[in-house]
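User: Please take a close look at a single part of this model, the place where one chain meets another, and then set it beside a few other local features.

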Amino acid sequence: MNRLKQFITDFGWPRIIIALFLISLFFAAPFVDVRIDTSFSDLFNRFGMNAVLVLAMVPMVQSGCGLNFGLPLGVIAGLLGSTLSIEMGMTGTAGFAMAIAIACLFAMVLGYGYGKLLNRVKGDEMMIATYVGFSSVAFMSILWLLLPFKSPTMVWGFAGKGLRTTISLEGFWSHILNDFLAFRIGENFVFPTGMILFFAVICLLVWSFMHTKTGTALTAVGSNPEFARASGIDVNRMRTISVVFSTMLGAVGILVYQQSFGFIQLYNAPFYMAFPAVAAILLGGASVNKASMVNVIVGTLLFQGILTMTPSVINSVLKTDMSEVIRIIVSNGMILYALTRRTKVSK
Amino acid sequence: MNQSKTTRFLINNAVTILFVILSIMSIPLSGYSLPYLFQEILTRLGRNMFLVLSLLIPIIAGMGLNFGIVLGAMAGQIGLILVSDWNILGMQGILLAAIIGTPISVFLGWICGSVMNRAKGREMVTSYILGFFIDGLYQLVVLYLMGSLIPVLNRALVLSRGYGIRNAVNLVGIRQVLDNLLPLQIAGVRIPLATYLVIAALCLFIVWFRKTKLGQDLRAVGQDMGTAEAAGIPVERTRIIAIIISTVLACYGQIIFLQNLGTLNTYNSHTQTGMFAIAALLIGGASVVKATIPNAFIGVILFHLLFIVSPMAGKELVGSAQIGEYFRQFISFGIIAVALVLHAWRRRNEAEQSRSLLRGGGARQEGQSRTAGIKED
Amino acid sequence: MLRKLFIRILLLGAVVAFSVFLFSSGKGHTLLLDNKTATMGGHEHAAVSAVTVTVDSLKPVKILPGERDLVVVKGVHHRITVSGAGVTVEKRFELPFEDMFLCSMPALLDGDDAWFEAKRPEAPKAADDSNKEEVPVAGEILPL
């Protein structure tokens, strides 16, 4: 009994409620003519799409920089990678690899600057990150219109100048990961093996990095900056590394997302991309200064589970689409819960 | 010595000066005539000042930028929806909407203040997210419950599916009612006198409020929570009151805003409220810890000036009005980012300085500023 | 303590009373002015030749036989002046809380006290142009 109570306190009531809610949705599904196999298929697909973006939260949380509300910067790096890759006309695996390469390069640069900025403002990172993210998206919107892209699939047909809002990846590398080693069960269930494998690899990478000397130093900086400094660790350098790492993961994350979605979304799309990732990792049990791989996996599963099941089930029951409103309430509620937990804020 | 005074002035007001320069450059580019701009600014001042002023009190109380004024805006909108449903016209409609919105704002403000108290040191992010959260609840009520569980008499307000309020509510009954209450025209320029009088009344209220016991308490809490607590001030309660006042004022501000526009975008009108008001205040030279009425006044003028001219200026400069629009977005967000950075930087500098002073003996632990209370974000 | 409570209840009462006042004096009413043959309160009144109707201080409206016109007024107390067929009738009247009233000019001219009655508005059958029923947090696009 004691262990159960301990588990509940650690896990948190909101999480338990949401997990139970999700399970009940799965049970209710067959009774309201919602196919379980389609649901699971959707769930795994969405899990794969979003997991890397959620993973991007981990480095910065661990190093004490807080939740990365500035994820849009990483997304922008990813967008630059994909658009440039298409501009070069590369397709298939080569195109995707090139996109990742370019994106990581941009992410390193952007992440470095971003990290330096955050080091000057320790303690207020989250709000500043949000607005730095927003300004960058707005600034990039100007650039998408002005940069001399030529590829006919990307540019407005009319004026021949400026990128379109949504660019199709058909013929390039749409579903390149999803389809790799994918298998079907029956008519409605497709498991995007490639994407899940890719996530597993990245997860392993992150995990191993966090257990290297640098990674451990990073975690030390987040959990006890005084001790870290006393041990001779360069706090600022660790934080910058975590920000760069986070931004790079964000860049790769949006590329994984795009290949599954099949489209590149520019202009205003990156604005709010941080919030679902933040909510997901918090839902998975992370706090403002501690996050692990388990948090990422559990959180993404729960969050995407809610997003997949609520439309189908609740819509069938109430004959109405409440998914959007539920998503807003759940995701922001989780973030609020995390923000109002009494934690030792290390400044 | 003189030189350092000028440089200090420049640094302290960098943001405002930058904006003035930008505006001066953009106005001739945009091609708008000065009389037109003058009239537009007068109108927008009347429309937005009340909302911006509602931000002052939380700043005085040390709670930073209250992104939670969105909550007050939503409360005001609920009032307006009901008043439109009941078809109440004229000033009666406005007053009734305000009366309906007040208890809702008080409740929401109380929630906001309480949540912010539980997240000391992170008030701004928390109020920001809370805004989204309550927006979700607002949509739940307005998009699903109204028209079904909550009876709506005027079916014209309801979506075609049978429940939920329509995306746009035409406020024809109360359109510009406050603005035209005391119509004034000087040399072809229309001035919404009644609205300005209301704004002036709010200014007087704020000035008077600072001198009351509650106002003094608030300022003490804003200076240092620990000292205020030691002096016997109920810190938590005072902070909540500050937020409640701010939320209620935002409710009225949103009503004034919407009566001028004449249309309520049920699901969008409130979302930008917080952002625009905060950006305007910061542009006017306010900071996260200090804001005055002149800041609000100058800020609204400059912000909206750029708002009006940037699309056309963008078109002239680069051939695309869309770019002007994105540029304006970039500037609005950038301003807030810059102000937040400056504030954080200044705060760290102060902390560094006081830490180095004390490093001699019994240095405080890193991570705990001053006493129990941690200041705003 | 008790005194404070008493004052608060008094203030609340004042606000409620004020709200009721706002409601009734601000309520908008649509008056449908008919010059048609109608049966109001059991009596039939024939449509007359063109009538001129003035409600409160609004512009006079001319209504031809068989036609209907419309005015919007605010509040409870109103005055209506109708002239037609050589007869002029002026009446002061009070409106209850409904939105819309059917007013028969012939009945009014005949001196019938039941010359207006509340009309239940029909559900609008107009095509709804708001297809956007879900309003996501701006900019966020989630694939299904």
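Analyst: What follows begins with the contact between two chains and then turns to a residue, a helix and a sheet.

This is a predicted model, in which local features need pLDDT of at least 70 and side-chain atom pairs count only at pLDDT 80 or more, while totals for chains, interfaces and linings use all residues. Residues are numbered from 1 along each chain as its sequence is written, and chains are lettered from A and ligands numbered from 1 in the order in which they are written.

On the side of chain B, 39 residues are in contact with 35 residues of chain A, contact meaning that the C-beta atoms, placed from the backbone, lie within 7 Å. The elements of chain B that give two or more residues to this side are helix H7 (123-145) and helix H14 (321-358), where helices are DSSP runs of H or I with at least four residues, strands are E runs of at least two, and both are numbered from the N terminus. H14(B) gives the most, with 15 residues. By class, the side of chain B that touches chain A has 23 nonpolar, ten polar and six charged residues; here Ala, Val, Leu, Ile, Met, Phe, Trp, Tyr, Cys and Pro count as nonpolar, Asp, Glu, Lys and Arg as charged, and the others, Gly among them, as polar.

Also in chain B, Asn48(B) lies in helix H3 (residues 34-53) and is buried, with 25 other C-beta atoms within 10 Å; a residue is buried at 20 or more such atoms, exposed at 12 or fewer, and partly exposed in between, with C-beta atoms placed from the backbone. Leaving aside residues up to four places away in sequence, Asn48(B) touches Phe257(B), Ala280(B) and Val300(B). The C-alpha atoms of Asn48(B) and Phe297(B) are separated by 9.7 Å, although these residues are 249 residues apart along the chain.

In chain A, helix H11 (residues 235-261) is mostly covered, 24 of its 27 residues being buried, and Gly262(A), just after H11(A), takes a positive phi of about 95 degrees.

In chain C, four strands form an open sheet with mixed pairing, in the order S6-S1-S9-S10, and two strands pair if DSSP finds at least two bridges between them. Strand S6 (68-74) and strand S10 (116-119) of chain C stand at the edges, each with a single partner strand, so one side of each has no neighbour in the sheet. Strand S9 (residues 100-104) of chain C runs antiparallel to S10(C) and is joined to it by four bridges, with Cys103(C) opposite Phe116(C) in S10(C).

Note on methods. Two residues are in contact if their C-beta atoms, placed from the backbone, lie within 7 Å.
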